[in-house]
Amino acid sequence: MTLNELRYIVAVAQKRHFGHAAEACYVSQPTLSVAVKKLEEELGVGLFERGQGEVSLTAAGERIVTQAQRVLEEAGMIRQLASQSVDQLVGPLRVGAIYTVGPYLFPHLVPQLKQLASDMPLVIRENYTAVLTEQLKQGDLDVILISFPYDEPGIVTRPLYDESFSVLLPMKHPLTEFETITIQQLQEENVLLLGEGHCFREQVKQICPGCVNKGNGDANQQENLEGGSLETIRYMVASGIGITVLPDTAIGTEYLRWDLLTTRHLAVKSPQRRIGLAWRKSFPRPQAVNLLWESIRTCQLHGVNLVSEPAQLAVG
């Protein structure tokens with residue numbers, strides 16, 4: 001059994017295709033197929049069910065691939081420990097963020113980290129929470145920024161800040177006559193939401209359940225009130241198609257650069273979301289996580305309240 005063979009079976013499990021797995025591993029398909037077959041013979045158990053155009057894991061394969069991922073991660077740590085034993089702030093840090101955090105944090109964070117750790121460039125990815133979690137568990141990411149609550153086995157979390165929500169609306173909208181906007185007023189409007197899969201969409205729905213299923217249940221009408229990103233929704237609001245609710249980090253003055261938009265607070269106890277870091281318990285660079293945490297807290301983000309927490313080292 002070799003590490004390469006373990007890499008191959010993990011790749012096949014992820015890609016569900018021998019050809020695509022071979023491409024991801026930079027080997028020919030025959031090389032990968034022979035290695036996988038050899039490992040199956042050595043273990044005395046089939047790992048994959050080979051179907052027409054698709055590969056699926058057997059019950060034994062599920063357990064073995066999960067363990068193979070752990071072994072590969074541990075092997076990778078040996079290299080990391082060797083190269084970073086002197087300085088954990090040397091080498092790329094792979095950071096993931098949900099779509100509603102990344103665009104408003106990274107412009108502040110990257111210059112900050114560049115000054116504090118010039119030899120630790122960030123490799124940045126944005127995605128849904130579920131995708132980031134899977135990439136974190138598989139070792140494709142080192143740290144992720146997510147919205148709480150968040151609880152995953154083998155993952156450590158540390159809160160960063162709370163932020164409130166505000167209403168974004170066209171400058172000449174009738175609701176601008178009010179200092180604050182009630183939930184009743186909100187649900188009587190065309191409220192633009194993020195599409196399915198965004199956790200912020202669910203948070204807005206909790207505040208205002210009546211803000212969805214507009215157009216008498218017309219699915220097409222509902223789709224017209226959805227956007228793929230907060231920035232897309234911002235443009236739609238500016239064009240006059242409706243209003244929206246945004247987290248306050250996305251509503252700072254730098255994002256109200258036209259004379260077409262304005263904001264109002266909600267006339268209820270301000271709903272909030274909590275943003276924090278998550279990383280694997282086994283991640284061998286706690287100093288890098290600590291510096292990331294501290295750097296984010298010093299960023300001048302609009303409308304956030306830092307979560308009080310005693311100084312501590314991240315769990316390594």
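In this predicted model, the largest pocket is lined by 24 residues, and those nearest its centre are Arg7, Leu72, Gln138, Gly139 and Asp140. The volume of this pocket comes to about 670 Å³. Three helices, α1 (3–15), α2 (18–25) and α4 (59–84), each contribute at least two residues to its lining. In chemical terms, the lining of the largest pocket is a mixture of nine nonpolar, seven polar and eight charged residues.

We can turn next to the second largest pocket, which has a volume of about 400 Å³. Its lining is made up of 14 residues, with Thr66, Arg70, Glu73, Lys137 and Pro153 the closest to the centre. Two elements, α4 and α6 (129–137), give two or more residues to this lining, and α4 gives the most, with five. Helix α4 thus has a part in both sites, as it also supplies at least two residues of the lining of the largest pocket. The lining of the second largest pocket comprises two nonpolar, five polar and seven charged residues.

Away from the pockets, a look at helix α10 rounds off the picture. This helix spans residues 230–239, and it is largely enclosed by the rest of the structure because seven of its 10 residues are buried. The buried set consists of Leu230, Glu231, Ile233, Arg234, Met236, Val237 and Ala238, so charged side chains such as Glu231 and Arg234 are found in it beside nonpolar ones such as Leu230 and Ile233. After α10 comes Gly240, which has a positive phi, near 100°.

How values were computed: Residues numbered from 1 in each chain as written. Predicted model: local features only at pLDDT ≥ 70, side-chain atom pairs only at ≥ 80, totals over all residues. Heavy atoms only, no water. 1 Å grid on protein atoms, 1.4 Å probe; cavity = no way out; pocket = protein on both sides within 12 Å on 5 of 7 lines; lining within 4 Å. Points joined across faces, edges and corners; volume = space filled by probe spheres on them. Helix = DSSP H or I, 4+ residues; strand = E, 2+ residues; numbered from the N terminus. Buried < 20%, exposed > 50% of the residue type's maximum accessible area, 1.4 Å probe, protein only.
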